[in-house]
Amino acid sequence: AVTVADLSAERPAVWGWDLARDVNWTVGIALDAEGQMCRLERWHAPWDTTYERIVQHTAETAAWVDSTGVGDPLFAFLHRGRANFHGYTFTPLSKQQLMEGLARAIGLREIRLTAGVVANECKTIEFEHTAHGVRYGAPEGLYDDCVMALALAVHGRVKGPTFALPELVGTRSSPWR
């Protein structure tokens, strides 16, 4: 069962970012040190706006970012000069492992979610056994972006901050300007 709580006012310990360009949502979810959701960001925007928002919200906090397909070029720009951004490529196997980690964290009550879109997506996510493993996704007409961002944050929480901040030279600006 999903443990639902109010959004924590504590500082983010890790972010998970699921990227989208047109149809789906770009979603960022941060967990505090206790595993409680403390931030939820969700929007449709052009890449330059998405880039700037992610950098602003994440700052120097560890972040795991969808680096699959359309997310790969954006992740490359986020990672440039910022060692706190880690890419995660979705394959059938890696997505299954990610979702199993999320299910384990929810089942063991290691994380707490807010009511609303995130909890609803967690309750509606579907899976199907295939010849290549388990396929996860949202029912037709619904989204799984919050679930994926949450799963990335949980993955990052388990991995821990595996980075050292780089020396910063010059300024950072959007690569799309």
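**Helix α1 and its surroundings**

Let me start with helix α1, residues 47-58, which has 12 residues and reaches 16 Å from its first C-alpha to its last, close to the 16 Å expected at 1.5 Å a residue. I should say at once that what we are looking at is a predicted model.

The buried residues of this helix are Trp47, Thr50, Tyr51, Ile54, Val55 and Thr58. They cover an arc of only 125° around the axis, and therefore sit on the same side of α1. In general, an α-helix has 3.6 residues a turn, so residues three or four places apart point the same way. As for what covers the buried residues of α1, the list includes the strands β1 (14-18), β2 (26-31), β3 (37-43), β4 (62-66) and β5 (85-88), together with helix α2 (71-79). Just after α1, Ala59 takes a positive phi of about 50°.

Turning to a single residue elsewhere, Ser94 belongs to helix α3, residues 92-107, and it counts as buried because its relative accessibility is 11%, where the cut-off for buried is under 20%. A polar atom of the Ser94 side chain lies 2.7 Å from the backbone oxygen of Thr89, and, if we leave aside neighbours within four places in sequence, Ser94 is in contact with Tyr88 and Thr89.

Finally, for the protein as a whole, there are 5 helices and 7 strands, and 46% of the 177 residues count as buried. Among contacts with a separation of 6 or more, residues 24 or more positions apart account for 64%. The protein exposes about 9,300 Å², of which carbon and sulfur atoms supply 51%.

Technical notes: Residues are numbered from 1 along each chain as its sequence is written. This is a predicted model: local features need pLDDT of at least 70, side-chain atom pairs count only at pLDDT 80 or more; totals for chains, interfaces and linings use all residues. Side-chain values use heavy atoms; hydrogens and water are left out. Helices (H or I, at least four residues) and strands (E, at least two) are DSSP runs, numbered from the N terminus. Buried means under 20% relative accessible area, exposed over 50%, partly exposed in between (1.4 Å probe, protein chains only). A polar contact is a pair of N or O atoms within 3.5 Å; within protein, one must be able to donate a hydrogen and the other to accept it, and residues adjacent in sequence count only if both atoms are side-chain atoms. Contact means heavy atoms within 4.5 Å. Accessible areas come from the Shrake-Rupley method with a 1.4 Å probe; for residues, only the protein chains shown count as cover. The expected span of a helix is 1.5 Å times one less than its number of residues. The arc is that of the directions from the helix axis to the C-beta atoms.
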